[in-house]
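Morning, everyone. Please bring up the sequence and the model on your screens, and we will walk through them together.

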Amino acid sequence: MPDQLTSERYTEEKSALVADFFFGNEEYETEIETWIKGEEVRDALERQAHVLLYRVDGELAGYGCVGEMRRSWPPQDRRADKIDVSVIPALGVLPAFQGKPLGVDYTERYSYQIIQDLIAIAAEYGHKILVLYVHPENAKAIAFYERLGFVDEGPKKDKYRIMSMTFPDEVLGPPAPTS
Ligand SMILES: CC(C)(COP(=O)(O)OP(=O)(O)OC[C@H]1O[C@@H](n2cnc3c(N)ncnc32)[C@H](O)[C@@H]1OP(=O)(O)O)[C@@H](O)C(=O)NCCC(=O)NCCS
């Protein structure tokens with residue numbers, strides 16, 4: 001039985017907790033690390049996104065963020081209308097917790113439990129599409145997202161791949177009120 005995974009809301013008062021987060025030196029990993037230490041997390045909090053810290057038996061294991069945004073969809077269609085989508089702007093599982101616990105089905109790994117928590121929060125926004133961006137060389141993350149059912153939606157500018165998941169209607173929250 002895996003150790004207990006818990007989550008708590010990240011606030012700027014907790015910034016000291018994330019000071020030691022380190023995912024390595026690769027460009028895409030450094031971006032993940034700096035996301036939570038930099039301006040972007042403040043922007044996310046100001047936009048009322050959910051920024052969560054995850055712990056395993058009290059020890060920090062990673063973080064994730066879920067929010068919503070308005071963007072053109074499908075992304076590669078230059079004439080597409082803008083729609084509201086949910087977005088996971090950041091997800092990081094610390095190296096010591098990646099692929100862990102060992103010897104269990106992947107659905108019991110911490111990373112899987114964390115992304116499922118983020119997906120469940122995203123569904124509550126009630127938007128049909130969930131989007132995230134991934135560095136094209138981050139093969140591990142791409143494999144991880146593909147196994148969850150995310151599909152490649154092509155490049156975002158020249159730096160990232162866009163990946164998306166479409167929620168079946170039955171898992172979505174109530175539709176947002178129209179004004
Ligand atoms: C991406 C991340 C959340 C995945 O969590 P994880 O616990 O490492 O993922 P898992 O081990 O369950 O799954 C990764 C899969 O990719 C596979 N994999 C590893 N390296 C790979 C590679 N170079 N190419 C293809 N697949 C690879 C693993 O073998 C594993 O598959 P398996 O279960 O069949 O062995 C985590 O690695 C992480 O936080 N990385 C650093 C930050 C980051 O990149 N975040 C995402 C930014 S969009």
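I will take the sheet, then the helix across it, then the core, the ligand shell and a few backbone details.

One caveat up front. This is a predicted model.

Let's start with the sheet. What order do the strands take? Seven strands make an open sheet, and the order is 1-2-3-4-5-7-6. The pairing is mixed. Which strands stand at the edges? Strand 1, residues 5-9, is at one edge, and strand 6, residues 151-156, is at the other. Each has a single partner strand, so one side of each has no neighbour in the sheet. From one strand to the next, the twist averages 30°.

Now the pairs themselves. Strand 3 and strand 4 run antiparallel, and 10 bridges join them. To find that pair on screen, look for Arg70: its bridge partner in strand 4 is Asp84. On to strand 4 and strand 5. These two pair in the parallel sense, over two bridges. Look for Val87 there; Val131 in strand 5 stands opposite. Then go to the strand 6 edge. Strand 6 is joined to strand 7, residues 160-166, by four bridges, and the two run antiparallel. Pro155 has a bridge partner in strand 7, and that partner is Arg161.

Stay with strand 4 for a moment. How many of its 12 residues are buried? Nine are, so strand 4 is mostly covered.

What lies across the sheet? Helix 3 does, over strand 1, strand 2, strand 3, strand 4 and strand 5. Helix 3 runs at about 155° to strand 4.

Pick out Ile114, which sits in helix 3. Is Ile114 buried or exposed? The cut-off for buried is 20 or more other C-beta atoms within 10 Å. Ile114 has 22, so it counts as buried. What does Ile114 touch, leaving aside neighbours within four places in sequence? Its contacts are Tyr54, Gly62, Gly64 and Val93. Here is a distance to keep in mind. Ile114 and Lys82 are 32 residues apart in sequence, and their C-alpha atoms are 29 Å apart in space.

Next, the nonpolar core. The largest one has 41 residues. Which members touch the most others? Ile88, Leu118 and Ala122. Helix 3 gives the most to this core, with seven residues. Take Leu118 as an example. Again setting aside neighbours within four places in sequence, Leu118 is in contact with Gly64, Val66, Ile88 and Leu91. Note that Gly64 was also on the list for Ile114.

On to the ligand. How many residues surround it? 20 do. The closest are Gln98, Gly99, Ser111, Ala139 and Ala143. Four elements give two or more residues to this shell: helix 1 at 27-37, strand 4 at 82-93, helix 3 at 110-124 and helix 4 at 139-148. Which element gives the largest share? Helix 4, with five residues. By type, the shell divides into 12 nonpolar, five polar and three charged residues.

Last topic, the backbone. There are two cis peptide bonds to show you. One joins Trp73 and Pro74, with omega about 0°. Pro74 is in the loop between strand 3 and strand 4. Another joins Lys100 and Pro101, with omega about -5°. Pro101 is in the loop between strand 4 and helix 3.

Then look at phi. Gln48 is not a glycine, yet its phi is positive, about 65°. Where is Gln48? In the loop between helix 2 and strand 2. Gln48 has 8 other C-beta atoms within 10 Å, so it is exposed. Asp57 is not a glycine either, and its phi is positive at about 50°. Asp57 is placed in the loop between strand 2 and strand 3. With 10 other C-beta atoms within 10 Å, Asp57 is exposed too.

To recap. Seven strands form an open, mixed sheet. Helix 3 lies across five of them, strand 1 to strand 5. Helix 3 also gives the most residues to the largest nonpolar core. Helix 4 gives the largest share of the ligand shell.

That's my walk-through. Over to you for questions.

Methods:
Residues are numbered from 1 along each chain as its sequence is written. This is a predicted model: local features need pLDDT of at least 70, side-chain atom pairs count only at pLDDT 80 or more; totals for chains, interfaces and linings use all residues. A residue is near a molecule or strand if its C-beta atom, placed from the backbone, lies within 6 Å of it. Ala, Val, Leu, Ile, Met, Phe, Trp, Tyr, Cys and Pro count as nonpolar, Asp, Glu, Lys and Arg as charged, and the others, Gly among them, as polar. Two strands pair if DSSP finds at least two bridges between them. Axes are lines fitted to C-alpha atoms, for helices over the stretch in contact, and angles run from 0 to 180 degrees between N-to-C directions. Two residues are in contact if their C-beta atoms, placed from the backbone, lie within 7 Å. A nonpolar core is a set of buried Ala, Val, Leu, Ile, Met, Phe, Trp, Tyr and Cys residues joined through C-beta atoms within 7 Å.
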